[in-house]
Amino acid sequence: MSQRATLVFLLALIGGVTAGVLTALAGEGTPRSVLAGLATAGLSVPFFNRLIAAETAGCREAAGAGAGAGEGAGAGEAEDRG
């Protein structure tokens, strides 16, 4: 299992346990607390999967686009003036 997948599942587990514990502390029964924790963990996996993927892709695209756009615009202006 990759580090990214491990991180996604770990964050989902932490979110699920937290939701279950808070539900139990709110006075709900054990079955409802378990269901709340499982539901939160299940919905957290795709959320954290997209969140981590978006951050990684966004940083690479921004770094590449910034350098290419600046070089291209500067070269184009110099040719037009000359």
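A nonpolar patch of about 760 Å² lies on the surface of the predicted model. Its members are L7, L10, L13, I14, V17, V21, L22 and L25. One of these residues, L13, sits in helix 1, which covers residues 3–25. L13 has a relative accessibility of 51%. That value places L13 among the exposed residues, because the exposed class begins over 50%. L13 also clears the patch criterion, since patch residues need over 30% relative accessible area.

The overall fold is helical in its assigned elements. The protein contains two helices and zero strands. Helix 1 spans residues 3–25, and helix 2 spans residues 30–81. The chain has 82 residues, of which 15% are buried. The accessible surface of the protein totals about 6,000 Å². Carbon and sulfur atoms account for 66% of that surface.

A36 provides a link between distant parts of the sequence. This residue belongs to helix 2. The C-alpha atoms of A36 and A19 are 6.3 Å apart, although the two residues are separated by 17 positions along the chain. With residues up to four places away in sequence set aside, A36 touches A19 and T23. The relative accessible area of A36 is 22%. A36 is therefore partly exposed rather than buried, as the buried class requires a value under 20%.

A search of the whole structure returned one salt bridge. The partners are E28 and R32. Their closest N and O atoms are 3.2 Å apart, so the pair satisfies the 4 Å limit. The two residues differ in exposure class. E28, at 37% relative accessible area, is partly exposed. R32, at 57%, is exposed. The division follows from the 50% boundary, because R32 lies over it and E28 does not.

Aromatic pairing was also searched across the whole structure, and one pair was found. F47 and F48 form this pair. Such a pair of rings is described by the distance of the centres and the angle of the planes. For F47 and F48, the centres are 5.1 Å apart and the planes meet at 65°. The geometry is edge-to-face, because the angle is over 60 degrees. The centre distance falls within the 6.5 Å limit for pairing. F48 has a relative accessible area of 18%. This residue counts as buried, since its value is under 20%.

Terms used
Residues are numbered from 1 along each chain as its sequence is written. This is a predicted model: local features need pLDDT of at least 70, side-chain atom pairs count only at pLDDT 80 or more; totals for chains, interfaces and linings use all residues. Side-chain values use heavy atoms; hydrogens and water are left out. Rings of Phe, Tyr and Trp (its six-membered ring) pair if their centres lie within 6.5 Å; planes under 30 degrees apart count as stacked, over 60 as edge-to-face and the rest as tilted. Buried means under 20% relative accessible area, exposed over 50%, partly exposed in between (1.4 Å probe, protein chains only). Patches are made of residues with over 30% relative accessible area and no salt bridge: like charges are joined within 9 Å, nonpolar side chains (Val, Leu, Ile, Met, Phe, Trp, Tyr) within 5 Å. Accessible areas come from the Shrake-Rupley method with a 1.4 Å probe; for residues, only the protein chains shown count as cover. A salt bridge is a side-chain nitrogen of Lys or Arg within 4 Å of a carboxyl oxygen of Asp or Glu. Helices (H or I, at least four residues) and strands (E, at least two) are DSSP runs, numbered from the N terminus. Contact means heavy atoms within 4.5 Å.
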